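The exercises below ask you to reason from the coordinates of a predicted model. Work through each task before reading its solution.

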Amino acid sequence: MNAIPERAAEANFYDVEAIRRDFPILSRTVHGKPLVFLDSAASAQKPTAVIDAVASCYSDEYANIHRGVYFLSELATEKFEGARRKVQRFLNAAEAREIVFTRNATEAINLVASSYGRTFLNSGDEIILSEIEHHSNIVPWQLLRDQTGIVIKVAPVDDRGALLLDRFRALLSKRTKLVALTHMSNALGTVLPVKEIARLAHEAGALVLVDGCQAVPHMPVDVREIDADFYVFSGHKLYGPSGIGVLYAKAHLLEAMPPYQGGGEMIVSVSFEKSTYAPIPHKFEAGTPHIAGVIGLGAAIDYVIATGLSRISNHEHALTTYATERLMAIPGVSLVGTAPGKGSILSFTVERVHPHDVGTILDHHGIAVRAGHHCAQPVMDRFKVPATVRASLGMYNTEAEVDALTAAIRHVREIFA
Amino acid sequence: MSELRDLYQEVILDHAKRPRNFGRPEHFDHEAHGHNPLCGDKIDVFLILGKDDRVEDIRFEGRGCAISMASASLMTELLKGKTEAEAKRLFERFHEMVTHEESGDTLPNAAPDDLERLQVLAGVRQFPMRVKCATLPWHTFNAALASERAETEVTTE
């Protein structure tokens, strides 16, 4: 094991300082201290490559897409559809037309709930969620339940936040029509065994929707290997622009589903008697889309792939292990979410100090963390905490930043001693 | 860090750690539940209103950040003995103090004692996200005033 060939060792070297230089915001200060950004799970910072791609779209190559017969419109269309192919390759989808652009993952889930759900799910049909879903993968299904009478079942997790696979399996029946689960929990960092879940769900005859928001920035994702029927994510958590999201769905499902919204871009012909719809994916992209956002997302994917998702993943795992050790060494700090193999999210509480007070004090050390329920109130209920502090690590975070975090938490303990 | 020191003054930390008038009372005739869904702060305010709508007793129970707990604790100390009108006026002044930059650190038209006591929360002004923490107890008190008088005395046992 010691004899790692020199070239391999070199290839594995992760130059985090070089990566940090690609993110202009990381050199700023907050309250007179260097910014320590530990909230990438809420929204990640943007590399120059993404900022430049968005700027260049507007300054050099902007026009509406799929319309003009003129040079700029054709150029913008080419860039836009080029970004769709980047997303396709990023997820290893079979075809580019399986990629639908939305505003964000929330809209993608609402699209499926609305279009697929209202068409194919009926009263008494069951869907299964996990106990650790983000509100965006709970509320759309509750809206659908109120409209159609479907039944929502919830698969529980253990005290570490790991899914109880047996309990999930026990919920599956021939009434189960859809399983909608997160790939990685935003509140706890738990990574769900989505491939195994999809296999079990398919055996029961159910479809699978995976919320990949937290997963795609941190690990290579292959929708065909998982065999997900639907896979959604948001661009802004993948170091891309806000306001752009992705729905991947198997082509035959998209073809069977009715449009989600009506308007321009999504039709072939319109008369007052009848309209015919464009082929997928355009059927689901009514109106002028977020053109610069899509192009920026394409640049973000290029950047992440060039850096290497496996290398990012290794870096983040090592940093998570380091941060876990450092946090656990502070008296009164308890981690919420300790599932084996979890991602780079550290949710914790500080004894006798409310997370909001922790958040405010950390902010004055220049440290950005999330304090609250993380849009996952059922998770807070499950672990009997009103809220937690969450430090989430991205590709640009360092051990020195983890040290700054632990020093600041010790200061919190001093103030509240 | 001076803003931080303004926010977490000794008095605040003391009230947060040892809140006064804390716990559900055996007898009360008005109550309200306050909740800040953003941060999960929860507070219940219990009142006994006497003659002339005077606050005869006020207690609270809840869970939240240091700012909300200290604000609730201070509030209960200040409101005991106040009339409804006096209490509402004090809330208005307090609200002004924690939301308006230009209001300075003084509370015009408030009794000097009350003014002094509430000053410790003036630091919240520098933390717009935390203003709601400081005002939640007062909003809950207002809701308790507006609530129906409990028909019978409620006991916890």
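**Exercise 1: a helix and its faces**

Task: compare the expected and actual span of helix 15 (residues 399–415) of chain A, and find which of its residues are buried and which are exposed.

Solution. Start with the length: at 1.5 Å a residue, the 17 residues of helix 15 of chain A should span 24 Å, because the expected span is 1.5 Å times one less than the number of residues. The end C-alpha atoms of this helix are 25 Å apart, which agrees with that expectation.

Next, list the buried positions of helix 15 of chain A, which are A:Glu401, A:Val402, A:Leu405, A:Ala408, A:Ile409 and A:Val412. Viewed down the axis of the helix, these buried residues fall within an arc of 120 degrees, and they therefore line one face of helix 15 of chain A. The spacing follows a general rule: an α-helix has 3.6 residues a turn, so residues three or four places apart point the same way. Finally, turn to the other side of helix 15 of chain A, where A:Ala400, A:Arg410 and A:Glu414 are exposed.

**Exercise 2: the nonpolar cores**

Task: identify the residues that touch the most other members of the largest nonpolar core, and say which helix gives the most to this core.

Solution. The largest nonpolar core holds 162 residues, and those touching the most other members are A:Val208, A:Leu247, A:Tyr248 and A:Ile295. Helix 11 (residues 291–307) of chain A gives the most to this core, contributing 10 residues. The core draws at least three residues from each of domain 1 (6–46 + 309–415) and domain 2 (51–306) of chain A. Apart from this core lies another, of five residues, including A:Phe23, A:Ile312, A:Met395 and A:Tyr396.

To look at one member in detail, take A:Tyr248, which, leaving aside neighbours within four places in sequence, is in contact with A:Leu91, A:Ala93, A:Glu98, A:Ile99, A:Val223, A:Phe230 and A:Tyr231.

**Exercise 3: chain B and its contacts**

Task: describe the secondary structure of chain B, then classify B:Lys17 as buried, partly exposed or exposed.

Solution. Chain B has six helices and three strands, and along the sequence they follow the pattern α-α-β-β-β-α-α-α-α. B:Lys17 is placed in helix 2 (residues 10–17) of chain B, and counts as partly exposed because it has 14 C-beta neighbours inside 10 Å. Its C-alpha atom is separated by 8.2 Å from that of B:Ala70, 53 residues apart along the chain.

Note on methods: Residues are numbered from 1 along each chain as its sequence is written. Chains are lettered from A and ligands numbered from 1 in the order in which they are written. This is a predicted model: local features need pLDDT of at least 70, side-chain atom pairs count only at pLDDT 80 or more; totals for chains, interfaces and linings use all residues. A nonpolar core is a set of buried Ala, Val, Leu, Ile, Met, Phe, Trp, Tyr and Cys residues joined through C-beta atoms within 7 Å. A residue is buried if 20 or more other C-beta atoms lie within 10 Å of its own, exposed if 12 or fewer, and partly exposed in between; C-beta atoms are placed from the backbone. Helices (H or I, at least four residues) and strands (E, at least two) are DSSP runs, numbered from the N terminus. Domain bounds come from an automatic or database domain assignment. Two residues are in contact if their C-beta atoms, placed from the backbone, lie within 7 Å. The arc is that of the directions from the helix axis to the C-beta atoms.
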